[in-house]
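Here are a few short exercises to help you find your way around a new model. Keep the 3D view open and try each task before you read its solution.

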Amino acid sequence: MSASQTSAVPTLLVKIFGKDRPGITAGLFDTLAAYSVDVVDIEQVVTRGRIVLCALVTRPEQPGGEGELRATVHSWAESLKLQAEIISGTGDNRPRGLGRSHVTVLGHPLTAESTAAIAARITDTGGNIDRIFRLAKYPVTAVEFAVSGAETEPLRTALATAASQIGVDVAVVSAGLHRRAQRLVVMDVDSTLIQDEVIELFAAHAGCEDKVAEVTAQAMRGELDFEQSLHARVALLAGLDASVVEKVRAEVRLTPGARTLIRTLKRLGYQVGVVSGGFTQVTDDLRERLGLDFASANTLEVVDGKLTGRVVGEIVDRAGKARLLRRFAAEAGVPLAQTVAIGDGANDLDMLNAAGLGVAFNAKPVVREAAHTAVNVPFLDAVLYLLGITREEVEAADLD
């Protein structure tokens with residue numbers, strides 16, 4: 001039957017509530033089978049051992065069949081100490097509105113107040129919440145709302161404002177097959193993939209930490225652009241023995257959840273890369289250790305076993321990161337709309353805006369406001385939930 005034909009068909013909504021146990025779903029449909037009904041829709045959820053099972057079925061055609069079905073279902077439910085409710089009606093669920101999105105909410109913790117605020121803002125935009133389910137319960141609580149009736153961009157804008165006010169992280173992505181397609185994930189390195197700033201690790205060995213910090217502060221005040229500050233800071237490393245590279249590599253600390261994020265993405269067939277305003281002497285090592293598909297950064301010049309205080313090759317700055325994202329996507333055969341970029345600083349903004357989904361990770365306010373979404377918990381693998389990947393799927397992948 002077509003949708004218009006089924007809209008007039010008499011149907012029954014059978015709802016079952018109670019303590020969950022094996023066999024309830026099979027038992028209900030075995031009971032309904034005696035009345036030769038067709039299944040139109042099913043939905044089931046189990047929360048803390050309590051089941052809610054809903055079945056939308058066609059009304060029995062035989063005379064008196066509906067009354068008999070009601071009596072039989074209630075009797076079956078009572079035998080299992082369950083509650084049953086049966087509601088007569090016509091047709092299927094009403095069609096979902098145009099404009100469909102997935103809204104992922106991360107809380108640490110997720111409070112009733114914040115959930116109410118997000119739900120209210122969805123309603124204010126004209127959206128309807130069709131379905132909610134939990135993606136993860138630790139290290140953060142992550143839930144996903146399936147929303148229809150509101151366009152993705154206005155919904156994203158409205159929820160971004162609400163999220164900043166109530167202290168949760170919210171990501172809004174359009175629904176569709178592309179969400180299940182292969183993706184490319186590209187992330188910044190310093191203070192994103194790793195907890196450190198690599199230039200500061202080198203500076204500590206050169207004894208010029210204060211001078212490097214002063215140049216960094218000038219750049220943050222807008223007195224120097226990235227390239228100028230890069231050359232100024234690297235110049236302070238001149239004469240440092242190249243053997244320090246191995247020491248710096250050993251000092252690098254991965255961000256909590258970084259290995260889980262990359263391992264899970266790779267097992268799902270995603271490609272993963274890094275772009276950095278730091279140095280290939282570190283990113284090349286990370287690429288090998290973590291099995292990354294792409295890596296690009298600036299390169300410290302080494303002559304006669306010493307750092308010269310210069311960089312060689314293409315400079316990876318704010319514009320360069322976005323350019324590399326596009327290059328990696330072309331090499332990976334992934335449309336730009338299916339890329340994810342993760343970063344924390346202003347020099348990541350072009351890359352975050354160019355990607356299909358730009359994620360500000362524990363970022364400065366200006367970056368959080370400009371990115372598509374923000375993650376403000378210290379666990380990099382929380383990004384997985386924004387892609388609709390559940391904690392159970394992550395753990396199952398680790399058992400393979």
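**Exercise 1.** Work out the order of the four strands in the open sheet, and find which strands stand at the edges.

*Solution.* In this predicted model, the order reads 2-3-1-4, with antiparallel pairing. Now look for strands with a single partner: those are strand 2 and strand 4 (83-90), so each has one side without a neighbour in the sheet. On average, neighbouring strands are turned by 10 degrees against each other, if you ignore direction.

**Exercise 2.** Zoom in on strand 2 and strand 3: how many bridges join them, and what is the bridge partner of D41?

*Solution.* Count along the pair and you get eight bridges, in the antiparallel sense. For D41, the bridge partner is L56, in strand 3.

**Exercise 3.** Find which strands helix 2 and helix 3 touch as they pack on the sheet.

*Solution.* Start with helix 2: it touches strand 1, strand 2 and strand 3, and its direction makes about 25 degrees with that of strand 3. Helix 3 touches strand 1 and strand 4, and its direction makes about 155 degrees with that of strand 4. Next, check what is tucked away: the buried residues of helix 2 (24-33) are I24, G27, L28, F29, T31 and L32. Their cover includes strands 1, 2 and 3, along with helix 3 (65-79).

**Exercise 4.** Sort C54 and C208: buried or partly exposed?

*Solution.* Buried means under 20% relative accessible area. C208, at 7%, therefore counts as buried. C54, at 21%, counts as partly exposed. As for disulfides, the structure holds zero.

Key. Residues are numbered from 1 along each chain as its sequence is written. This is a predicted model: local features need pLDDT of at least 70, side-chain atom pairs count only at pLDDT 80 or more; totals for chains, interfaces and linings use all residues. Side-chain values use heavy atoms; hydrogens and water are left out. Buried means under 20% relative accessible area, exposed over 50%, partly exposed in between (1.4 Å probe, protein chains only). Helices (H or I, at least four residues) and strands (E, at least two) are DSSP runs, numbered from the N terminus. Contact means heavy atoms within 4.5 Å. Two strands pair if DSSP finds at least two bridges between them. Axes are lines fitted to C-alpha atoms, for helices over the stretch in contact, and angles run from 0 to 180 degrees between N-to-C directions. A disulfide is a pair of cysteine sulfur atoms within 2.5 Å.
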